[in-house]
Amino acid sequence: MFELKEYSKDVIDVASTWLGIKHPVASSVLTSLKLMFDLPTKIVMHKLCRILSKQEPDFFEWLKISENFDKDATNYNTTIRQLILCINAINEEALFDVYANLMRSWQLGFIDKQKFLRLSWVLPNIYSEDLFYLKKIYDQKDVEQCSEIVILQGVGLTQSYTRNTYGNLHIPKYNISESGYDMLQYGIDYENFQLYKHYREEKQAGEKL
């Protein structure tokens, strides 16, 4: 059963506006779950509310400002469509929080809009089990080939290299790409943001030596 009672009225109102749902009934009726939606709308509404509920309180107004709403409502509407299409395409519960973290990182200025869109594109195209493999190998170099890391390479989160020795091609080794570290720091493990920040700073310092 689809339920809205766990979400605030503000979240429900914004999600409804984004989806173009009009409410001829009182908001108290809406929060009492008396509205009838068709199943596809119920599903995307649930996804949208879950992700929007995890944003900073001023997210909705911030997005209008960042998209120059008063000057260019078309740009704002295009962004909303992009957000909804990506959210609707995510089919694993475990990935909703990753998307919410990426969206929050965008709002807080840790990543820009283009990086947010690039990273969020990955989520409908990978299983959470493969994506979370990044946490296992974040501090490892020259990782051996396995199914997870090959899949991660396919969405740009790892990179491989091979070396020829006396004409013999070695099995490729893999490292996490910069996009992979972005996904870890700003999406997968946002709660441990500083861990990856410090690791990346130390890594960059070591590369300069």
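**Entry 1: aromatic pairs.** I count two rings of Phe, Tyr or Trp (its six-membered ring) as a pair if their centres lie within 6.5 Å, and I call the pair stacked when the planes are under 30 degrees apart, edge-to-face when they are over 60, and tilted for the rest. I applied this to the structure above, which is a predicted model, and the count came to 13 aromatic pairs. I looked at F59 and F60, whose ring centres lie 5.8 Å apart with the planes at 85°, so I noted the pair as edge-to-face. F59 is buried at 0% relative accessibility, and F60 is buried as well, with a relative accessible area of 17%.

I then turned to F110 and F193, an aromatic pair that I noted as tilted, with 4.7 Å from centre to centre and 35° between the planes. What does this pair tie together? F110 lies in the loop between α6 (93–107) and α7 (113–122) while F193 lies in helix α12 (residues 193–208), so the pair joins parts that are 83 residues apart in sequence. F110 counts as partly exposed at 36% relative accessibility, whereas F193 counts as buried at 14%.

I also followed the ring pairs from residue to residue and found that they link F59, F60, W62, Y99, W106 and F116 into a cluster. Separately, I noted a charge over a ring: the charged end of K64 sits over the ring of F69, 4.9 Å from its centre.

**Entry 2: the whole chain.** I listed twelve helices and four strands as the secondary structure of the protein chain. Of its 209 residues, 41% count as buried. When I took the contacts between residues at least 6 apart in sequence, I found that 62% of them join residues at least 24 apart. The chain exposes about 12,000 Å², and carbon and sulfur atoms supply 51% of that area.

**Entry 3: helix α3 and the core.** Helix α3 (residues 39–52) has 14 residues, and I noted a reach of 20 Å from its first C-alpha to its last, close to the 20 Å expected at 1.5 Å a residue. Its buried residues are V44, M45, K47, L48, C49, R50, I51 and L52, and what covers them includes α1 (9–18), α4, α5 and α6.

I next asked which residues of the largest nonpolar core touch the most other members. Of the 59 residues in this core, they are W18, L52, Y99, L131 and M183, and the largest share of the core, eight residues, comes from α6. For L52 I looked up the contacts, leaving aside its neighbours within four places in sequence, and found V11, V14, A15, W18, F59, F60 and M103.

**Entry 4: helix α6.** I noted that α6 has 15 residues and reaches 22 Å from its first C-alpha to its last, close to the 21 Å expected at 1.5 Å a residue. Why do I describe α6 as largely enclosed by the rest of the structure? Eleven of its 15 residues are buried, so the description follows from that count. Among the buried residues are Y99 and W106, both of which I had already met in the ring cluster, and M103, which I had listed as a contact of L52. What covers the buried residues of α6 includes α3, α4, α5, α7, α8 (128–131) and α11 (178–188). Just after α6, G109 takes a positive phi of about 85°.

**Entry 5: T79.** I found T79 in helix α5 (residues 73–89), where I asked whether it is buried or exposed. At 2% relative accessibility, T79 counts as buried. Leaving aside its neighbours within four places in sequence, T79 is in contact with L63, E67, W106 and K113, and W106 is one of the buried residues of α6.

**Entry 6: positive phi away from glycine.** I looked for this because most residues other than glycine have a negative phi. N68, which is not a glycine, has a positive phi of about 50°; its place is in the loop between α4 (59–66) and α5, and N68 is partly exposed at 41% relative accessibility. D142, also not a glycine, has a positive phi of about 55°. I placed D142 in the loop between α9 (133–137) and α10 (147–154), and noted D142 as partly exposed, with a relative accessible area of 38%.

Methods. Residues numbered from 1 in each chain as written. Predicted model: local features only at pLDDT ≥ 70, side-chain atom pairs only at ≥ 80, totals over all residues. Heavy atoms only, no water. Buried < 20%, exposed > 50% of the residue type's maximum accessible area, 1.4 Å probe, protein only. Helix = DSSP H or I, 4+ residues; strand = E, 2+ residues; numbered from the N terminus. Lys NZ or Arg CZ within 6 Å of the ring centre and 35° of its normal. Contact = heavy atoms within 4.5 Å. Areas by Shrake-Rupley, 256 points an atom, 1.4 Å probe, with all protein chains shown as cover. Expected span 1.5 Å × (residues − 1). Core = buried A, V, L, I, M, F, W, Y, C linked by side-chain atoms within 4.5 Å.
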